[in-house]
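Me: I have a new model open and want to learn how to read it. Take me through it feature by feature, please.

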Amino acid sequence: MTTESSSLLRAPHRTQPRFDRAVVLVAIACVLIVVGASFVSPGILSPGYLLQQLQIASILGVLATGAMLVILLGQIDLSVPLTITATAILSTTLAGSGVPALEALAIPAGLAGGVLIGLINGLGVVLFRIPSMVWTLAVNAMLLGITAFYTGGFKPNGAPPTLAVFIAHGRTLGIPNAFLLWLVVGGVTTFLLRKTIFGTYVYAYGQAQRALFMAGAPVERLTLAVFAFAGFMSSLGSLLLVGYANQAYQGMGDTYLLPVIAAVVIGGTSILGGSGSYAGTFVGALFITLLSSVLSLMQVPDALRQFIFGAIILLMLLINRHPRTR
């Protein structure tokens with residue numbers, strides 16, 4: 001083991017300062033959005049509205065969880081939209097089949113489908129050495145063809161799983177169940193990244209993949225695990241979306257790719273990999289949700305909304321840029 005690789009594994013989180021500027025800036029931006037919008041619509045400050053935004057942000061936050069780990073590797077997953085759609089169609093088809101055995105498999109099958117898609121993405125990167133951007137985009141296109149063939153271009157028959165509806169719409173002590181689930185997902189992810197060898201490898205991979213390989217780490221298995229985890233999170237977010245919308249439809253995940261990446265990048269995770277915190281992704285998802293809601297209240301056209309999202313991503317990339325350390 002070289003001196004470089006051993007020091008990298010001993011301190012893979014050195015790029016994380018105690019004062020996370022991105023997290024603080026985005027948290028302040030969230031407060032400013034709410035306070036500023038309250039002058040136009042005072043109802044924004046009501047507990048009901050804020051709890052609803054937490055409920056909606058939970059879907060984006062769960063989806064962004066998997067995307068964050070992939071980006072920490074210095075990779076990208078562009079199959080998120082059709083992973084969402086495919087999971088939604090599969091789970092609602094089974095849940096609405098009228099066969100108790102198949103209905104019971106609706107959620108497990110949906111999550112397993114996401115893991116399978118993630119493994120396919122990981123295998124493309126590991127075995128064929130194809131850039132993740134190209135491979136996952138191709139997988140997304142193939143999933144589009146499969147779902148379009150299955151539905152025939154029409155709304156698929158089926159019903160949302162009962163548990164998905166309960167989590168998406170239910171509340172415990174007044175707090176949305178979806179938000180409580182997001183807190184659990186965030187806690188587990190933070191523990192994995194900060195307290196386990198898995199997290200050490202993830203950060204080290206993004207900082208210097210070659211050094212990690214020379215240190216004897218299972219780089220290929222790590223890549224497969226991260227992409228499988230991302231697929232699982234995309235499917236979990238899809239099930240929340242199905243429960244919230246009470247339906248599945250073709251193109252269900254099309255609008256989520258940019259917000260998912262934006263939530264991760266705005267939160268300070270380096271697009272080059274090796275640096276970032278889940279707290280940043282958490283506040284990033286809240287920021288995107290609040291911004292979308294306020295722009296909708298102001299009846300801003302969708303085209304301008306997309307422009308604003310893109311501009312914010314570029315701005316945060318400029319603010320958070322820093323030299324790569326080896």
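Reply: Start with helices. Helices (H or I, at least four residues) and strands (E, at least two) are DSSP runs, numbered from the N terminus. The expected span of a helix is 1.5 Å times one less than its number of residues.

Reply: Two points on the source. This is a predicted model, where local features need pLDDT of at least 70 and side-chain atom pairs count only at pLDDT 80 or more, while totals for chains, interfaces and linings use all residues. Residues are numbered from 1 along each chain as its sequence is written, and side-chain values use heavy atoms, with hydrogens and water left out.

Me: What span should the 19 residues of H9 have, and what is the distance between the end C-alpha atoms?

Reply: At 1.5 Å a residue, H9 should span 27 Å. Its end C-alpha atoms are 26 Å apart, which agrees. Helix H6 (residues 106–126) has 21 residues and should span 30 Å; its ends are 30 Å apart. Helix H2 (residues 21–38) has 18 residues and reaches 26 Å, close to the 26 Å expected.

Me: Which residues of H9 are buried?

Reply: Get the cut-offs first. Buried means under 20% relative accessible area, exposed means over 50%, and partly exposed lies in between (1.4 Å probe, protein chains only). In H9 the buried residues are Asn 177, Ala 178, Phe 179, Trp 182, Val 185, Gly 186, Thr 189 and Leu 193.

Me: Why look at the spacing of such a list?

Reply: An α-helix has 3.6 residues a turn, so residues three or four places apart point the same way. Try H2 as well. Its buried residues include Ala 22, Val 26, Ala 29, Ile 33 and Ala 37.

Me: How many aromatic pairs are there?

Reply: Rings of Phe, Tyr and Trp (its six-membered ring) pair if their centres lie within 6.5 Å. Planes under 30 degrees apart count as stacked, over 60 as edge-to-face, and the rest as tilted. By that rule there are four pairs. One of them joins Phe 179 and Phe 282: it is tilted, at 6.3 Å centre to centre and 55° between the planes. This pair links distant parts of the chain, with Phe 179 in helix H9 (residues 177–195) and Phe 282 in helix H14 (residues 278–297), 103 residues apart. Phe 179 counts as buried because its relative accessible area is 13%.

Me: Which other ring pairs with Phe 282?

Reply: Trp 182 does, and that pair is stacked: 4.2 Å centre to centre, 25° between the planes. Here too distant parts of the chain are linked, since Trp 182 sits in H9 and Phe 282 in H14, 100 residues apart. Trp 182 has 0% relative accessibility, so it counts as buried. Phe 179, Trp 182 and Phe 282 form one aromatic cluster.

Me: What covers the buried residues of H6?

Reply: Contact means heavy atoms within 4.5 Å. The cover includes helix H4 (80–95), helix H5 (100–104), helix H7 (132–151) and helix H12 (219–245). Among the buried residues of H6 are Gly 110, Gly 114, Gly 118 and Gly 122.

Me: How do H6 and H12 cross?

Reply: Axes are lines fitted to C-alpha atoms, for helices over the stretch in contact, and angles run from 0 to 180 degrees between N-to-C directions. The axes of H6 and H12 come within 7 Å and cross at roughly 145°. Leu 224 lies in H12. Leaving out residues up to four places away in sequence, Leu 224 touches Leu 119, Gly 122, Leu 123 and Val 126.

Me: Which sign does phi have in most residues other than glycine?

Reply: Most of them have a negative phi. Arg 129 has a positive phi, near 55°. Arg 129 lies in the loop between H6 and H7, and is exposed, with a relative accessible area of 57%. Asn 246 also has a positive phi, about 60°. Asn 246 is in the loop between H12 and H13, and is partly exposed at 41%.

Me: Is Thr 269, also in a loop, buried or exposed?

Reply: Thr 269 is buried, with a relative accessible area of 3%. The loop runs between helix H13 (257–266) and H14. Beyond its neighbours within four places in sequence, Thr 269 contacts residues including Met 68, Ile 71, Leu 72 and Thr 281.
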